[in-house]
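Biologist: Could we go through this chain together, step by step, beginning with its surface and then turning to a single residue?

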Amino acid sequence: MSAVRYLPNPSPKARKAALSTGCVLALLAANGPAATGFAERAWHEYAVNQPAYKAGYGHWDVVDVPVRFRVNAIHAALLRTGKVLLIAGSGNDEKNFRAGTFRSVLWDPVRNTFKTVPTPKDMFCAGHAQLPDGRLLVAGGTARYEKLTGDVDRAGGAMLVKNENPDAPRAFPAGTLFTGSTGKRYRSQVPVLVPRATKEVSEHGKGKKKKKKVRVTASQARVYVEAVTAGESGITHTADQYRIQGLRGKDGHDLYGLAAKLGLDKKDFQGLKDAYEFDPIAERYVPVDPMSEARWYPTLVTLEDGRVLAVSGLDDMGEIIPGKNEIYDPRTHRWSAGPNRYFPTYPALFLTGGGRLFYSGSNAGYGPADKGRAPGLWNVETNSFVPVPGLPRQDMTETSASVLLPPAQDRRVMLMGGGGVGESHESTPRTAIADLSVPSPRFAPGPDLPQGTRYLNAVLTPDDQVFTTGGSRDYRGKRGSDILRAQFYDPARDAFRTAAAPTVGRDYHTEALLLPDGRIAVFGSNPLFADKDDTRMGVFEQRIEVYTPPYLYRDRRPALPSAPREAERGEVVRLPGTDPRQKVTARLMRPSAVTHATDVEQRSIALTVGVRDGALTVTVPEDPSLVPAGWYMLFLTDRAGTPSRAAWVHVR
C-alpha cells in the first residue's frame, strides 16, 4: 500500500492547491494514468508540508546519517547527556558474528553528529536498564547464532563437566577436547569454569571408637560441545562419560564429562553471561562482573532500591531459562541470586506500588504458548505472584507493546496489539488496560488499534499522551504487511487520534524513544522479505526517522533553563529563571532503553507545581516505587499542551 492511503486527509483546499499547478496538469494531459500517480504523490508531498497540516498531525523527517555510521540498530537508549546509544552488536548478521565485528554508535540528535563506540562483545539481543548514576547497564547477548535442522553440520549439545576435587576449581578454555568410550570426540565452544567439589566431614561413635566420615559431592558446570568430525558420524544417542584432553592421574579421575544425546537437531541462539556499564561521560563500555546465567533476550528491570533484576532469556545451551533470575547491585557491581520464576523471553515488567513488579503479558519470541503467559503482580521479595484476570487470548500477547500510562501515579498499564506465538501470521488490534491502584486489579478492554499490529512502538509524551507508530500485521513484515500508520492515545479520553504517517516501514528490531526536545526518534526494522509475495529477502532498515509532534508547531513553548539539577525524593525544587505566572504542569520522564517493542524504563511522573522566591517550584514524590533513583527529563507543559525543552534532573 502507498503511504498516501495511510495519511489523514488534508483539507480540500490544500488538495486543490496542489493539483492546480501547471506542471501537474500538463503531466496529467500527456501521460494519463501514470501521471495521476505522480499528481497524487505531488499533492501528498505538498499537503503534508503545509503549516496547518503539521499543526494538526505533526511531521516526519528522515535523518541524514553518513554511510560509515549506519548501523543495524537492535537496541536504543537515551543517555543523560541527551545522546542516543544505538547498539547493534553483530546486528543479526552471522557474517559479522563470525568476523567478530560488533558495533555501537552514539547519535547526538541536537548536532546530528555520530560517533562509533568500541563494542567488546556481541550485545545483539542483550538486556539493558538505566542505573541511578546515569550509566546504562547492558547484560547478555549472543554467544552463538541459531542453526536450523538441515543446516547443522556437526553434532552437538550439552556436556556436564564434573569435578570431584574439593580442593580446587578448574577452568577449561574453549576448544577443550572430550573423548568418549567409543572414541568419538567433541570440542567445547566456550570457556567453562567448574567449581570445587563440596566436602562434608562428620563424626560417628564415642571415645576411641570415634571416626570421621568424609563425603565428597562432585560439582558440575555445563558447556556446549560440537563433534570434531562433521556429519552423522559425530552423533551419539546414548549417555557416556568423557575423558578430558591433557588430564592424567588424579586429575583425570576427578575431572570428566557426561553427556546424553549429541545430535544434528536444530540449535537455537545461545546467550552470554557478560555484563557492562556504559559510561555516558567517557562514552565507553566498562566491564563488570558477569551474570551467573548466560542470557539472550532477557529483560532488565529497575527495582525500587536501584538494583536491577535480570529475568528470562535463552541460556548457554540455547534453552529458555526455567526461572533462574538474578539481581545486579550497582554499588558493588556484582550479581546475586534472585527469585526463581519462569517468564517467556523479553517479558514486560513494570515497577509499581509497594515495589512489586507487574507483568503485563507482553513478551517477545521464545516460550511455549501455555506457560508464563498469564499477567500478574509479582512480589520479588516473597516471590509471590497474584494473577491479574480479564485478558482473553493470552497466547496473543507476543510482540505486543505495553506502557505505564501517564501519569505514573495512576498505576495503569496498557497492552496494545500483539500476535500469535512464534511465526504465527495472526495479529490483533486489541488493547487492554489494567488499573493496579485498586485492591483487586483486572484488565478492561481499551479502544482498538486501526488494525491488527505486531511490533508496535509506544512512546510517552510530555502532554500525557502515548504516541504509537509502525509495526506489521504479519510476522516480521511478511507478505508486505508493514503498517505506515501513527496515532496518539489519550488516556483521559480513552481514544486514539490520527497522526501523520511515517514514510519508513518498521517491524521486528525497531525502537522508538522520546528526545529531550520533545521529538520522537525511530530506528531499525528487520523484515524477512521485501515484497508482498515473500520472494525477495528483506534488508535491515538503517535510516533514522524523527517525528515532530503537533505540539512543536505552536508559536511559543514554556521556558525552562536547561542546567542539570540534583534532587532528593520528597524535595521541593526551585526552578530559577522560570516565570511564576506560567500556567503549566510538570512531568519527570525517565529516559528509554528499548528493544523488541519492550521498554520498561520509560515512565512519566506528575509533579506538584508551586511558586517560591519569584520562580516556579516542583515537588518530587517520595515513593521510590514511583520515582526510582536516576536521571530524568523535566518538562513543563502549558495549557495548550506545548512542552518546554527538557532539563535533566538527577533524583537521588
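Modeller: Before we discuss the surface, a definition helps: accessible areas come from the Shrake-Rupley method with a 1.4 Å probe. Please keep in mind that this is a predicted model.

Biologist: What share of the accessible surface of the chain belongs to carbon and sulfur atoms?
Modeller: The accessible surface of the chain comes to about 27,500 Å². Of this area, the part that belongs to carbon and sulfur atoms is 51%.

Biologist: Why does the radius of gyration of the chain agree with that of a compact globule?
Modeller: The chain has 652 residues, and for a compact globule with that number one would expect a radius of gyration near 26 Å. The two values agree because the chain itself has 28 Å.

Biologist: How many strands are there in the chain, and how many helices?
Modeller: Counting both kinds of element along the chain, we find 48 strands, while the number of helices is 7.

Biologist: Is Phe-114 buried or exposed?
Modeller: Phe-114 lies in strand E5, which covers residues 113-118. Its relative accessibility is 12%, and the cut-off for a buried residue is under 20%. Phe-114 therefore counts as buried.

Biologist: Which residue, 68 residues apart from Phe-114 along the chain, has its C-alpha atom separated by 56 Å from that of Phe-114?
Modeller: Leaving aside neighbours within four places in sequence, Phe-114 is in contact with several residues, including Val-63, Trp-107 and Ile-544. The residue whose C-alpha atom is separated by 56 Å from that of Phe-114, at 68 residues along the chain, is Thr-182.

How values were computed:
Residues numbered from 1 in each chain as written. Predicted model: local features only at pLDDT ≥ 70, side-chain atom pairs only at ≥ 80, totals over all residues. Heavy atoms only, no water. Helix = DSSP H or I, 4+ residues; strand = E, 2+ residues; numbered from the N terminus. Rg over C-alpha atoms; globule rule 2.2 N^0.38 Å. Buried < 20%, exposed > 50% of the residue type's maximum accessible area, 1.4 Å probe, protein only. Contact = heavy atoms within 4.5 Å.
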